[in-house]
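Reader: I am new to this structure and would like a close look at a single part of it. Please take one helix and explain how its residues are placed and what lies around it.

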Amino acid sequence: MKRSEVKHNIEPLYDSNSRILILGSFPSVKSREIQFFYGHKNNRFWPIMEKLFNVKLNNIEEKKIFLHSNHIALWDVIGSCTIEGSDDGSIKDVKPNDITLITNSAPIERIFVNGKKAYELFLKYNKQEATLLPSTSSANASYSFDRLLEQWCVIKY
């Protein structure tokens, strides 16, 4: 697969009541296609949210309502980069998103970062504190669903 420069095409999701910010690295090919976060069917982000909050989320609109009602903001660390498909390991030439767009507009209390690549880049470009959570990507095969769920429960507190 050829590496190409790609711009982030999903607007940050937050409002003036957002208290938790969850940041990924960069949207997958599927997420960019549907223009919403964690769009690949094998990514475990949405099943983790459903289990943690005891909800069933059937479409993008329901996911947006869920996030707003639980004061959760979503975005990604990277604004543009060169990447092969959806492979975080191939990311180069990073131009970061300006996270202060959210942190200056909402009373964010905690920032969680989904996966090591996103965390590494977050620390490189930002001064805020953040908590690393294991990636929900199916590429993170060393984490079972139950193990992920155990780690991700911290977003509820």
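Author: What follows is a look at helix α5 and its surroundings. The model is predicted, so to speak of local features a pLDDT of at least 70 is needed and side-chain atom pairs count only at pLDDT 80 or more, while totals for chains, interfaces and linings use all residues. Residues are numbered from 1 along each chain as its sequence is written, and side-chain values use heavy atoms, with hydrogens and water left out.

Helices (DSSP runs of H or I, at least four residues) and strands (E, at least two) are numbered from the N terminus, and α5 spans 116-125. Within α5, A118, L121 and F122 are buried, that is, under 20% relative accessible area with a 1.4 Å probe and protein chains only, where exposed means over 50% and partly exposed lies in between. Seen down the axis of α5, its buried residues fall within an arc of 105°, taken from the directions from the helix axis to the C-beta atoms, so they line one face of the helix. On the other side of α5, K116 and K124 are exposed.

The buried residues of α5 pack against β2, β4, β5 (92-96) and β6, contact meaning heavy atoms within 4.5 Å. The helix α5 also lies across β2, β6 and β7, running at about 130° to β6, with axes fitted to C-alpha atoms, for helices over the stretch in contact, and angles from 0 to 180 degrees between N-to-C directions. These three strands belong to an open sheet of 4 strands in the order β3-β2-β6-β7, with parallel pairing, where two strands pair if DSSP finds at least two bridges between them. Its edge strands, β3 and β7 (131-133), each pair on one side only.
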